[in-house]
Amino acid sequence: MHTAGYLDAVRAASSDPNVTGHGLNTADDPVFPQMHEASALIVGASVAAARAVWTGAARRAVNIAGGLHHAMPDRASGFCVYNDPAIAIRTLLDAGAESIAYVDIDVHHGDGVQQVFYDDPRVLTISLHETPYALFPGTGFPTETGGDGAPGSAVNLALPPGTGDAGWLRAFHAVIPGAVRAFKPQLLVTQCGADAHRADPLADLRLSVDCQRTAYLALERLADTVCGGRWLAFGGGGYALVEAVPRAWTHLLAILTGGPIEPDTPTPPRWRALAQARCPQAYPPATMSDFPGAAAGTVPHRPWDPGEPADAVDRAIIATRRAVFPLLGLDPYDPRD
């Protein structure tokens, strides 16, 4: 998937700090010793996870270190050196998969994965992210719907800054389940970046960890109902290293392994002490919820209704549905689709 010239540049950068070009030695992607080896280990884990799910050795698999969705075939981008989700998907296609749905809920557009498969009708890429008018990488508009050889293979839902739990979940449910069901994939691949959390310093969405947990449960149901339970998940972005990332991905890992953690579960005292020692300016959360005293359950939201007065989130939803739903054989104005 990556070009030979780019692979050679990364290998060279592993021992030469002066290597430039191919997006290397930039503020986002500085070179470091054993850059190739470290990045290749992440790819190897993602490929192993993909093979395990495809062969039936496991129904679900996850690589939390993976999800490096910005890397392009010939360059590094956005903290990403090798695009392990795209390589894992390519591995699945080479093994015989005929339809794969990739759902990206990182706050940033999954541009690298979309670009690799933009003309491949076997892969549906869906990205739910903050608007490219406000956030890197500046792509992921609703009008990006797939190349000439694969119309309807890309779905982009770009949300306004400040979107919180209720609006984000309304958007998620108004677009993602219907598109995945229409595509009928054999396997669900998800990038579960934690950087849409309200504490994240690099973006401007306002999700709680409870909302992220709710999304993971929805993805689990989608994998179970559409893909026979076959689910390959990755981590991704996330920069609130105490407030959000540990709890979000602990919820994800628990759900993937079949034992969801209740939101009001206390965080381990040992972890809180470690987090406080490592990050004295941070306040380690006391529970697995952002809402003290929260009961077990999911975050409520109102269903999308095309007949209601539109707010900015509703306008984003209808822009995406108008652009791509007809290409998937769906009615953009029917909330049942």
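According to an unreviewed UniProt entry, residues 1–255 carry the annotation "domain: Histone deacetylase"; such annotations may be inferred rather than shown by experiment. Over that stretch the chain is 38% helix and 13% strand, with its end C-alpha atoms 31 Å apart. Helices here are DSSP runs of H or I with at least four residues, and strands are runs of E with at least two, numbered from the N terminus.

Before going on, keep in mind that this is a predicted model: local features need pLDDT of at least 70, side-chain atom pairs count only at pLDDT 80 or more, and totals for chains, interfaces and linings use all residues. Residues are numbered from 1 along each chain as its sequence is written, and side-chain values use heavy atoms, with hydrogens and water left out.

Let's start with the sheet. It's an open one of 6 strands in the order β1-β6-β5-β2-β3-β4, paired in parallel, where pairing takes at least two DSSP bridges between two strands. β1 (60–63) and β4 sit at the edges, each pairing on one side only. From one strand to the next, the twist averages 10°, taken from axes that are lines fitted to C-alpha atoms, with angles from 0 to 180 degrees between N-to-C directions. Zoom in on β3 and β4 and you'll find 6 bridges joining this parallel pair; serine 127 stands opposite asparagine 156 in β4.

Next, the packing. The largest nonpolar core (buried Ala, Val, Leu, Ile, Met, Phe, Trp, Tyr and Cys residues joined through side-chain atoms within 4.5 Å) has 56 residues, and Ile105, Trp168, Phe172 and Trp231 have the most contacts inside it. Elements that each supply at least two of its residues include β2 (100–104), β3 (123–130), α5 (165–183) and α7 (245–256). The largest share, 10 residues, comes from α5. Apart from this core lies another of 20 residues, among them Ala50, Leu92, Val113 and Phe117.

Now for α6. Its 18 residues (209–226) should span 26 Å at 1.5 Å a residue, and the end C-alpha atoms are indeed 26 Å apart; the expected span is 1.5 Å times one less than the number of residues. Of those 18 residues, 14 are buried, meaning under 20% relative accessible area with a 1.4 Å probe and protein chains only. Just after α6, glycine 228 takes a positive phi of about 65°.

Finally, look at serine 289, in the loop between α8 (269–278) and α9. Serine 289 counts as buried because its relative accessible area is 5%. Its side chain makes a polar contact with that of aspartate 210 at 2.7 Å; such a contact is a pair of N or O atoms within 3.5 Å, where within protein one must be able to donate a hydrogen and the other to accept it, and residues adjacent in sequence count only if both atoms are side-chain atoms.

Conventions: Buried < 20%, exposed > 50% of the residue type's maximum accessible area, 1.4 Å probe, protein only.
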